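Hi there,

Here is the structure I promised to pass on. Have a look through it first, and my notes on it follow below.

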Amino acid sequence: MEIFKGTNYVKIFGVKIDKVTMEDANKRLVSYMQGEDLKMVFTPNPEFIMKAQEDADFKAILCQGDLVVPDGIGIIKASKIHHLDLPERVPGIELMEKALEYCNRSKKSLFLFGGKPGVPEAAAKKILEKYPNLVIKGTQDGYFEEKDELRILDKINEAKPDILFVGLGAPKQEKWIYKHRKIINSKVAMGVGGAIDVWAGTSKRAPKIFIKLGMEWLYRLLKQPTRIGRMMILPQFMIKVIFSKTIDG
Ligand code: UDP
């Protein structure tokens, strides 16, 4: 669609991020689901951006996303510091919820790919309890060997869902989507990280107050102290943001 073309995005340390509000992102997603070709939806947070600094393929793949939303408060803070004009945080898990609402309203279908065995099935059950009008065409856990890839693709392509949620963690999910983008039989493939776990109830999202204060990361750290190594990337990102003359490039 023409209105979505142009340079309405910024780049943060080389990673494209669209200048979208949650409402814009939702509208785009809905239009993609009414289209024909596969569209790739990515949700980078500071951890993605730092990983992309050491992984040129990951950086290039993120830049080729059709819709790349600013997940993570760190991205919005970086945008504010450098006057990049990103309107607001668009958490992937909330965008997924919008997609589920749309699927429910329009009786569209989805496929859940990712999480430990049993997890996507548990998530499917919870999703259907909340959104009984949508169709879950299939589930597949995210622990597979390379030799299983074709079988998994066949399973997805036979199911032909309107939207495919891929929760393999970054960069695995983006690389998987990109590698198969030309043969995935769906309208949208979206990387959703741990969102399938959240739906299954195996991990929880932070209480609203943490989200409102931009402290969701702190909640996750308190719940899962083993994330400390991963979390150290956040201050590293902010230091890089503060000490860089420009980040938009
Ligand atoms: N995962 C998977 N296959 C793998 C590695 C990870 O299905 O080979 C799943 C994992 O079970 C979890 C998700 O990918 O459900 C990644 O979670 P993470 O906490 O990394 O996601 P985040 O939301 O932090 O991006």
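In which sense do strand 5 and strand 6 pair, and over how many bridges? Strand 5 (residues 109–114) and strand 6 are parallel, joined over five bridges; two strands count as paired if DSSP finds at least two bridges between them. Helices (H or I, at least four residues) and strands (E, at least two) are DSSP runs, numbered from the N terminus.

A word on the source: this is a predicted model, in which local features need pLDDT of at least 70 and side-chain atom pairs count only at pLDDT 80 or more, while totals for chains, interfaces and linings use all residues. Residues are numbered from 1 along each chain as its sequence is written, and side-chain values use heavy atoms, with hydrogens and water left out.

The sheet

Strands 5 and 6 belong to an open sheet of six strands with parallel pairing, in the order 4-3-8-7-5-6. Its edges are strand 4 (67–68) and strand 6 (135–140), each of which pairs on one side only. Within the pairing of strands 5 and 6, Leu-112 stands opposite Thr-139 of strand 6. Helix 6 (residues 119–130) lies across both strands and runs at about 165 degrees to strand 6; axes here are lines fitted to C-alpha atoms, for helices over the stretch in contact, and angles run from 0 to 180 degrees between N-to-C directions.

The hairpin

Strand 1 (residues 9–12) holds Ile-12, and four bridges join strand 1 to strand 2 (residues 15–18) in an antiparallel pairing. Val-10 has Ile-17 as its bridge partner in strand 2. Two residues sit between the strands of this hairpin, where Phe-13 takes a positive phi near 45 degrees. Val-10 and Ile-12 make up the covered face of strand 1, whereas Tyr-9 and Lys-11 make up the uncovered one.

Ile-12 counts as buried because its relative accessibility is 0% (buried means under 20% relative accessible area, exposed over 50%, partly exposed in between, with a 1.4 Å probe and protein chains only). Not counting residues up to four places away in sequence, Ile-12 touches Ile-49, Ile-75, Leu-84, Leu-86, Phe-237 and Ile-247; contact means heavy atoms within 4.5 Å. The C-alpha atoms of Ile-12 and Ile-49 are separated by 7.6 Å, with the two residues 37 apart along the chain.

The ligand

The ligand is surrounded by 15 residues, the closest being Gly-115, Gly-142, Lys-172, Gly-194 and Asp-197; a residue is near a molecule if one of its heavy atoms lies within 4 Å of it. Polar side-chain atoms of two arginines lie by ligand oxygen atoms: Arg-230 at 3.0 Å and Arg-227 at 3.3 Å. The protein covers 78% of the 550 Å² of accessible area that the ligand has on its own (Shrake-Rupley method, 1.4 Å probe).

One buried serine

Ser-186 sits in the loop between helix 8 (172–180) and strand 8 (188–191). Ser-186 is buried because its relative accessible area is 7%. A polar atom of its side chain lies 3.2 Å from the backbone oxygen of Asp-162. Beyond its neighbours within four places in sequence, Ser-186 is in contact with residues including Glu-36, Asp-37, Leu-38 and Pro-161.

Happy to talk any of this through.

Best wishes

Technical notes:
A polar contact is a pair of N or O atoms within 3.5 Å; within protein, one must be able to donate a hydrogen and the other to accept it, and residues adjacent in sequence count only if both atoms are side-chain atoms.
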